[in-house]
Each structure stands twice: as structure tokens, then as C-alpha cells.
Amino acid sequence: MSDLTARTAGERPVAIIMGSQSDWETMRHAAETLEALGVGHDCRIVSAHRTPDRMFAFAKGAKAAGFKVIIAGAGGAAHLPGMVASLTTLPVFGVPVESKALSGVDSLHSIVQMPAGVPVGTLAIGKAGAVNAGLLAAAVLALSDPALDERLAAWRAARTEAVTERPA
Ligand code: RP5
């Protein structure tokens with residue numbers, strides 16, 4: 001975590017972490033959503049199983065580093081969001097990545113059924129979940145950032161405007 005300075009994280013209040021490079025195709029949608037809203041974010045690969053020491057260091061240091069919200073995506077035996085949530089009191093949003101073997105139902109079940117006391121806000125499987133994790137992270141930050149609140153409202157209004165009355 002040598003590059004994880006408070007200054008860097010302060011400019012990037014959302015951490016997007018994922019268990020593997022292969023999760024990026026899904027998790028990039030969280031990053032793109034935050035980009036569209038002008039919310040700084042930091043993306044990194046942190047695996048609960050393959051790089052547990054990295055996961056521990058990240059989660060234990062995330063709050064002191066200035067992150068406000070963590071978005072964690074993983075697939076299969078998707079323990080990353082829950083393990084990170086066990087190590088920090090920052091809000092953690094979990095994105096179940098669609099797996100090849102079980103279409104992401106395994107990921108969803110691995111993330112959603114946390115024991116009482118260690119919350120993970122669990123999103124939908126795949127792209128929709130990643131987009132919505134970005135929106136939820138922005139909504140949390142918007143509580144203390146009126147300009148972001150306006151951008152978020154405009155983003156939502158644009159989606160409403162885009163819905164035609166009849167199918168093309
Ligand atoms: C999980 O295993 C990752 O989050 C990923 O979704 C899944 C497969 O990883 P790779 O084998 O593609 O690296 O830990």
C-alpha cells in the first residue's frame with residue numbers, strides 16, 4: 001500500500017477493489033459511473049484468497065488513508081467484500097461478479113448472507129450491480145457534498161428523460 005497516501009485517497013474517496021483482473025470487465029462499470037459523476041476513485045486488485053496480506057493491509061488502512069466508501073467485486077467463492085467489511089467500519093458495497101460455472105448465483109450467495117453485525121450492502125449480479133454500486137457510493141458522498149448531489153440528481157433525471165414512451 002505504499003502508494004496509498006492520505007492525499008491521494010482524499011482526492012479519490014471511493015476505493016474500487018476486485019478479486020481478479022477478470023473482474024475488471026464488470027467493475028469498470030462502477031468506475032465509469034463514478035467518472036460520469038465526477039467522483040474520484042482508486043481501482044486495485046485485492047484478492048481475499050490469492051493476496052490475503054494485501055487485502056488485510058488495504059482494509060485496515062483504508063479509513064486512515066481517507067477513503068469514505070469501498071466497492072468490492074468478486075466472483076465464485078466471493079469472500080472479498082465480507083472479509084473487507086470485517087476489517088473496517090467504512091461502508092462496503094459488494095458486487096457479485098457473474099461466474100462461468102454458476103452464473104454469479106454463487107457470488108451473490110457468498111456476498112449477501114453476512115452475519116448480523118458485519119454489513120455488506122449487496123448489489124445485483126454483474127453490470128447492473130456495478131453501476132448501482134457506483135451510484136450508491138456517490139449518494140453517500142453527496143450527503144455532505146451539495147455539488148455532487150446536484151450532479152447525481154441530473155444523472156438520474158437524464159436517465160428518466162431517456163426512456164421513450166413507445167419502443168422504437
Ligand atoms: C475470484 O475468482 C475473482 O473475484 C474472480 O471473479 C474469480 C475468478 O478469478 P480468475 O480465475 O479469473 O482470476 O476470486
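This section describes the annotated domain, a ligand shell, an annotated binding site and one helix pair in a predicted model.

In an unreviewed entry, UniProt lists residues 12-163 as "domain: PurE". Helix accounts for 47% of this span and strand for 16%. The C-alpha atoms at the two ends of the span are 32 Å apart.

Ten positions can be named around the ligand. Gly19, Ser20, Ser22 and Asp23 are among them. Ser47 and His49 also belong to this shell, as do Ala74, Gly75, Gly76 and Val97. By class, 7 residues of the shell are polar, 2 are nonpolar and 1 is charged.

The unreviewed UniProt entry also carries a "binding site" annotation for Ser20, Asp23 and Arg50. These residues span 31 positions in sequence, yet no two of their C-alpha atoms are more than 14.1 Å apart, so they gather at one spot. Ser20 sits in the loop that links β1 (14-18) to α2 (24-36). Ser20 and Asp23 are also found among the residues around the ligand.

Helices α3 (residues 52-61) and α4 (residues 80-87) form a crossing pair. Their axes come within 8 Å and cross at roughly 45°. At this angle, α3 is therefore oblique to α4. The crossing is right-handed. From α3, the contact is made by Met55, Phe56, Ala59 and Lys60. From α4, Leu80, Met83, Val84 and Leu87 take part. The contact comprises 7 nonpolar residues and 1 charged residue, with no polar ones.

How values were computed
Residues are numbered from 1 along each chain as its sequence is written. This is a predicted model: local features need pLDDT of at least 70, side-chain atom pairs count only at pLDDT 80 or more; totals for chains, interfaces and linings use all residues. UniProt positions are given in the numbering used here, feature names are shortened, and annotations may be inferred rather than shown by experiment. Helices (H or I, at least four residues) and strands (E, at least two) are DSSP runs, numbered from the N terminus. A residue is near a molecule or strand if its C-beta atom, placed from the backbone, lies within 6 Å of it. Ala, Val, Leu, Ile, Met, Phe, Trp, Tyr, Cys and Pro count as nonpolar, Asp, Glu, Lys and Arg as charged, and the others, Gly among them, as polar. Axes are lines fitted to C-alpha atoms, for helices over the stretch in contact, and angles run from 0 to 180 degrees between N-to-C directions. Angles under 35 degrees count as roughly parallel, over 145 as roughly antiparallel, 65 to 115 as roughly perpendicular and the rest as oblique. A crossing is left-handed if the near helix is turned anticlockwise from the far one by less than a right angle, and right-handed if clockwise. Two residues are in contact if their C-beta atoms, placed from the backbone, lie within 7 Å.
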